[in-house]
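Reader: I'm new to this one and don't quite know where to look. Could you pick one spot, take a close look at it, and then work outwards from there?

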Amino acid sequence: MQINLIGAAIDKCAGIAGAADTPQMLNLLLKNSGLQISQIITYSETRNNVPFLKDYFTDLAIAVRDSLVKNEFPLIIGGDHSCAIGTWSGVSGFLSENNQTLGLIWIDAHMDSHTPETSISGNIHGMPLATLFGFGFDEFTSIINSHPKLKPENVVLIGIRSYEDDEAALLNKLGVKIYYNHDVAKLGFSNIFNMVWQDLALKVDKIGLSIDVDGFDPEFTPGVGTIVPDGLNLTQFMDEYTKIDADKLLAVEITEANPILDKEDRTLTCVIDIIKATQRLVSRDY
Ligand SMILES: [Mn+2]
């Protein structure tokens, strides 16, 4: 299968600028590698502007869905994590049109499960998961179709270590499985990831992966807007990721890398490693 790199150049839903530069920076670093982000969708309006963002996320969702319709594997490169609203609306829309179900693994330090009512900052990159469950701005929950894009029982968060009570309350009420960093320390990343993958593989038709690079330890990904210590070990993640069943994997997004805050391109190098591993996984099933 052909991989299709789609850039989501947006950082106006984050508290800090820079993440929007990642797609273009990666294209420079990927020069001569045979990999390029073919389509970069850029948000150039004001911060957290719901009407303009509705159009932006819709454009992204359509690009992702078109990619799946063409039987290409969409790999979305953020941008701040608000792009997940577009990415998974497109993926979920495609699957529901084909009567298939979506499971999602959400790698993150944060829960991204605020609603406009509970968010203090108002930054939409703190709301994408709640939005995909159908909570928050109607403009966003109605993209592609009016249904919730994710089912709580088919979503698992891994690496969580910074969140507000309102977010945990929403996810707990929905019954979403959360693996906190203390769970990872106790059970081991490998055990958790394999358990989660096998469980989802039995329950759903296709699995997606939403990676916020702040889920990893700052030792690996120092270039993020919201650094939280005690993160996931990138090497352990790559060990498991490179072994997964690519037939089940439908789409991946990598978000929140910030070139301005990066140190010696370490974070961008991590993004490139995940891109290359994804290409190897996806091209294996010819
Ligand atoms: Mn996030």
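Author: Let's start with leucine 68, which is buried: 21 other C-beta atoms lie within 10 Å of its own, and the cut-off for that label is 20 or more. Keep in mind that what you have in front of you is a predicted model. You'll find leucine 68 in helix H2, which covers residues 50–69. What does leucine 68 touch, once residues up to four places away in sequence are set aside? The answer is Pro74, Val91 and Phe94. Take phenylalanine 94 from that list: along the chain it is 26 residues away from leucine 68, yet their C-alpha atoms are 7.2 Å apart.

Now step out of H2 into the loop that leads on to strand S3, and you come to asparagine 71. Its phi is near 65°, a positive value in a residue that isn't glycine. Is asparagine 71 buried or exposed? It counts as exposed, because it has 9 C-beta neighbours inside 10 Å, and 12 or fewer is what earns that label.

Carry on and you're in S3 itself. Six of its seven residues are buried, so this strand is largely enclosed by the rest of the structure. Which strands sit beside it? One is strand S1 (residues 2–9), which pairs with S3 (residues 72–78) in the parallel sense over seven bridges. You can pick out individual bridges here: leucine 5 partners leucine 75 in S3, and glycine 7 partners isoleucine 77. Another is strand S8 (residues 249–255), again parallel to S3, this time over three bridges. Isoleucine 77 turns up here too, with isoleucine 254 as its bridge partner in S8. As background, strands of a sheet pair through backbone hydrogen bonds, and they can do so parallel or antiparallel.

Pull back a little and you see the whole sheet: eight strands in an open arrangement, paired in parallel and ordered S2-S1-S3-S8-S7-S4-S5-S6. Strand S2 (39–42) and strand S6 (177–180) are at the edges with a single partner strand each, so one side of each has no neighbour in the sheet. On average, neighbouring strands here are turned by 15° against each other, ignoring direction.

There's one more thing to see at the end of S3. A cis peptide bond links glycine 78 to glycine 79, with omega at about 10°. Glycine 79 belongs to the loop that runs from S3 to helix H3 (84–97).

Follow the sheet order across to S7 and look at two of its residues. Lysine 206 is in this strand, and it counts as buried because it has 21 C-beta neighbours inside 10 Å. Beyond its neighbours within four places in sequence, lysine 206 is in contact with Leu95, Gln100, Leu102, Lys248 and Leu250. Its C-alpha is 34 Å from that of leucine 261, and those two are 55 residues apart along the chain. Isoleucine 207 also lies in S7 (residues 206–212). With 25 other C-beta atoms within 10 Å, isoleucine 207 is buried. Its contacts, again leaving out neighbours within four places, include Gly103, Ile105, Lys248 and Leu249. From isoleucine 207 to leucine 95 is 112 residues in sequence but 11 Å in space, C-alpha to C-alpha.

Next, head for the loop between S8 and helix H10, where aspartate 265 sits. Like asparagine 71, aspartate 265 has a positive phi, near 55°. It counts as partly exposed because it has 16 C-beta neighbours inside 10 Å.

After that loop you reach H10 (residues 266–283), which packs on helix H1 (residues 22–29) at about 75°, with the axes 11 Å apart. H1 and H10 are therefore roughly perpendicular to each other. Met25, Leu26 and Leu29 come from the H1 side, while H10 brings Leu268, Val271 and Ile272. By class, that contact has six nonpolar residues and no polar or charged ones.

Finally, the whole chain. It has ten helices and eight strands, and buried residues make up 51% of its 286 residues. Of the contacts between residues at least 6 apart in sequence, 76% join residues at least 24 apart. The radius of gyration is 17 Å, which agrees with the value near 19 Å that a compact globule of 286 residues would have.

Conventions: Residues numbered from 1 in each chain as written. Predicted model: local features only at pLDDT ≥ 70, side-chain atom pairs only at ≥ 80, totals over all residues. Pairing = 2+ DSSP bridges. Helix = DSSP H or I, 4+ residues; strand = E, 2+ residues; numbered from the N terminus. Axes fitted to C-alpha atoms, helices over the stretch in contact; angles between N-to-C directions. Contact = placed C-beta atoms within 7 Å. Rg over C-alpha atoms; globule rule 2.2 N^0.38 Å. Parallel < 35°, antiparallel > 145°, perpendicular 65-115°, else oblique. Nonpolar A, V, L, I, M, F, W, Y, C, P; charged D, E, K, R; others polar.
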